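Here are my notes on the model you sent over. Keep the structure open beside you while you read, and take the points one at a time.

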2 protein chains.
Amino acid sequence: MTTLVELGEDALIRRLVPLLPRDPDPLAGPGDDCAAIDPGPDSPILLLLKTDALVEHIHFLPDAPPAAVGWKAIARVASDFAAMGGRPERFLITLALPPNTSVNWAERLYQGMGDCLRQCGGLLAGGETSAVPPGSAKVIAIAATGSVRRNHLTLRSTAKPGDDILVTGTLGGSRQGKHLTFTPRLKQTDWLVSNCKPSAMMDLSDGLAKDLPRLAAASGCGFRLDRDPLPVTAGCTEAEALGDGEDFELLLCCRPDRTAPLLSAWSAAFPDLSLTCIGTMVEPAVGQSLAGGWDHFAPAP
Amino acid sequence: MTTLVELGEDALIRRLVPLLPRDPDPLAGPGDDCAAIDPGPDSPILLLLKTDALVEHIHFLPDAPPAAVGWKAIARVASDFAAMGGRPERFLITLALPPNTSVNWAERLYQGMGDCLRQCGGLLAGGETSAVPPGSAKVIAIAATGSVRRNHLTLRSTAKPGDDILVTGTLGGSRQGKHLTFTPRLKQTDWLVSNCKPSAMMDLSDGLAKDLPRLAAASGCGFRLDRDPLPVTAGCTEAEALGDGEDFELLLCCRPDRTAPLLSAWSAAFPDLSLTCIGTMVEPAVGQSLAGGWDHFAPAP
């Protein structure tokens with residue numbers, strides 16, 4: 001009997017997704033940060049859809065402040081809409097909690113969700129609550145709709161060999177607290193899609209070592225990572241920057257002739273957030289590989 | 001410290017929902033079977049949104065056939081779209097599973113989901129997988145979008161005193177298997193909204209004893225239940241018909257002068273599924289109350 005931990009998350013998804021009916025030719029489907037649905041050729045706006053979950057002991061510890069857990073639950077999803085060049089709109093919240101959970105914990109969770117929804121411009125549309133058996137982990141599942149202008153849609157599958165690879169902010173050390181307090185890069189992606197649309201983009205949720213190969217594979221490319229300029233969070237090692245995960249920074253690609261003007265305009269627009277060129281997309285045959293990053297069904301490191 | 005089990009599900013939702021930003025004037029918001037979003041006055045079609053979850057030990061037992069669990073996960077959500085007079089379209093699937101879950105279990109779960117999606121006309125749009133700690137219950141969260149014609153939208157808040165109360169099929173005994181194998185009443189609601197639109201409608205998920213008071217309260221009405229014609233599943237008691245939950249039949253209301261023609265047309269259209277008049281909506285002051293039904297945070301019966 002093969003178990004999920006033996007198969008791994010990416011292989012599991014490859015086995016499961018073909019079992020379900022799907023759009024024959026999606027704009028962006030399972031595998032991208034959000035699904036993108038085309039309401040019809042006359043619509044300048046596409047519908048974006050996303051689901052995500054936080055699990056106690058996996059995404060937050062039992063003693064984490066519940067308001068911070070609530071913030072994170074919404075912010076992770078908002079970050080995926082940012083990564084597509086879009087905006088979140090309506091949220092559906094599913095709570096699966098042990099019956100001995102305190103009402104105060106649930107209320108503070110919702111206060112944190114509310115703070116993040118107000119910052120992101122999202123609205124509650126519906127929800128579901130269920131008990132889990134005593135002793136089971138808390139699970140918070142968030143689904144959301146959003147929108148993106150058709151010409152702003154940014155995918156992870158559209159990089160080309162020769163593109164520069166860039167990353168916002170610094171990487172690593174998320175477990176020291178940033179994973180509960182990060183701000184989704186909505187302002188930055190709003191600016192990017194209007195001023196210098198990336199050739200490809202995603203948000204960094206499982207670590208650069210996991211996510212950069214995903215973006216490259218989705219684009220049919222390889223990559224060469226330049227480790228010297230890698231923006232490592234102060235106090236972290238390079239391995240942590242590559243593998244900690246939950247950075248929620250943007251990983252984007254840019255045609256090489258547009259990189260210098262982008263970097264210049266960026267530093268004027270966002271003087272407090274770095275944008276760093278960390279490598280180049282290449283033909284698959286000459287690409288590197290990377291080890292590390294977060295696999296939901298791998299044994300704990 | 002008050003716990004969720006002490007507060008109860010409905011009171012919990014009343015405490016949590018006001019903490020989040022919402023549509024100021026929703027067509028149907030938290031509390032109805034789906035949320036209904038108006039894309040604008042020119043659109044004849046409204047967007048419907050729904051989320052739901054299945055938890056091991058609560059909604060299915062560990063030895064339940066995984067394909068039946070998958071069928072149920074999709075069918076519960078499809079039933080909510082039926083209850084609004086609409087259709088489900090795109091599905092987002094979140095799995096939170098212990099790492100020692102067998103790949104075969106997950107594949108058979110997805111096969112059951114696929115069977116129900118094909119029957120309901122739903123498509124997979126995206127998903128998320130996460131581990132839960134060993135020993136935690138499996139959680140399957142489903143979110144979906146759908147659509148309904150503006151003039152077909154059917155709410156639970158629009159019944160009026162004097163309306164007849166009707167129910168499809170038979171009630172009770174879901175735990176003997178029907179809760180895993182039921183067919184969402186999409187064909188029937190398609191027919192109803194075109195032929196005899198109910199004055200109010202919902203699906204029966206938590207038992208008539210829980211759901212009829214909810215529909216009445218949402219409509220600002222009371223109710224009088226006529227127990228003699230109550231369609232009790234063979235082998236069940238009246239208490240089970242009222243309280244078992246997970247019938248996934250339709251509870252609907254009808255202006256009294258339209259009930260006889262509805263019953264006659266229904267039996268011609270659906271000779272294999274009963275439709276039974278079980279009572280009358282009344283002014284709140286003269287209504288009955290009912291005990292029983294399913295509360296997710298109540299102690300097990």
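1. Start with one pair of side chains: A:Asp23 and B:Arg90 form a salt bridge, with N and O 2.7 Å apart. Keep in mind that you're looking at a predicted model. How many salt bridges does the rule find across the interface of chain A and chain B? The count is 4. Polar contacts turn up there too: the rule finds 20 residue pairs, with both residues at pLDDT 80 or more.

2. Which elements of chain A give two or more residues to the side that touches chain B? On the helix side, they are α1 (4-7), α2 (9-16) and α4 (103-120) of chain A. The strands are β1 (35-37), β2 (45-55), β3 (87-97), β4 (123-131) and β5 (139-149) of chain A.

3. Now for the whole contact. Chain A puts in 74 residues, and chain B puts in 74 residues. Together the two chains bury about 6,000 Å² between them, and 71% of that is on carbon and sulfur atoms. Every interface residue of chain A, 100%, is also an interface residue in chain B, so the copies meet through the same surface.

4. How do the two chains relate to each other? In general, a rotation about an axis and a shift along it relate two copies of a chain. Here, a turn of 180° with a shift of 0.0 Å along the axis lays chain A on chain B, with an RMSD of 0.0 Å. The copies are thus related as by a two-fold rotation axis. If you want to find that axis on screen, look for A:Ser136: its C-alpha is the one in chain A nearest the axis, 2.1 Å from it.

5. Next, pick out the open sheet of 5 strands in chain A that runs in the order β1-β2-β5-β3-β4, with mixed pairing. Its edge strands are β1 and β4 of chain A, and each of these pairs on one side only. From one strand to the next, the twist averages 15°. Inside this sheet, β2(A) and β5(A) run antiparallel and are joined by 11 bridges. For a spot to zoom in on, try A:Leu46, which stands opposite A:Val148 in β5(A). Helix α4(A) packs on the sheet and touches β3, β4 and β5 of chain A, its direction making about 170° with that of β3(A).

6. Chain A also has an open sheet of 5 strands in the order β7-β9-β6-β10-β8, and here the pairing is antiparallel. Which strands sit at the edges? They are β7 (200-203) and β8 (222-225) of chain A, each pairing on one side only. The twist averages 25° from one strand to the next.

7. Zoom in on the β6 and β9 pair of chain A. Strand β6 (residues 164-168) runs antiparallel to strand β9 (residues 250-254), and 4 bridges join them. One residue to click on is A:Asp164, whose bridge partner in β9(A) is A:Cys254. Helix α6 (residues 186-195) of chain A packs on this sheet, touching β7 and β9 of chain A, and its direction makes about 10° with that of β9(A).

8. Last stop: helix α7 (residues 208-218) of chain A. This helix lies across β6, β7, β8, β9 and β10 (275-282) of chain A. Relative to β8(A), α7 of chain A runs at about 140°.

Conventions:
Residues numbered from 1 in each chain as written. Chains lettered and ligands numbered in written order. Predicted model: local features only at pLDDT ≥ 70, side-chain atom pairs only at ≥ 80, totals over all residues. Heavy atoms only, no water. Least-squares fit on C-alpha atoms with pLDDT ≥ 70 in both. Contact = heavy atoms within 4.5 Å. Pairing = 2+ DSSP bridges. Axes fitted to C-alpha atoms, helices over the stretch in contact; angles between N-to-C directions. Buried area = accessible area lost by both parts, 1.4 Å probe. Polar contact = N/O pair within 3.5 Å; in protein donor to acceptor, adjacent residues only side chain to side chain.
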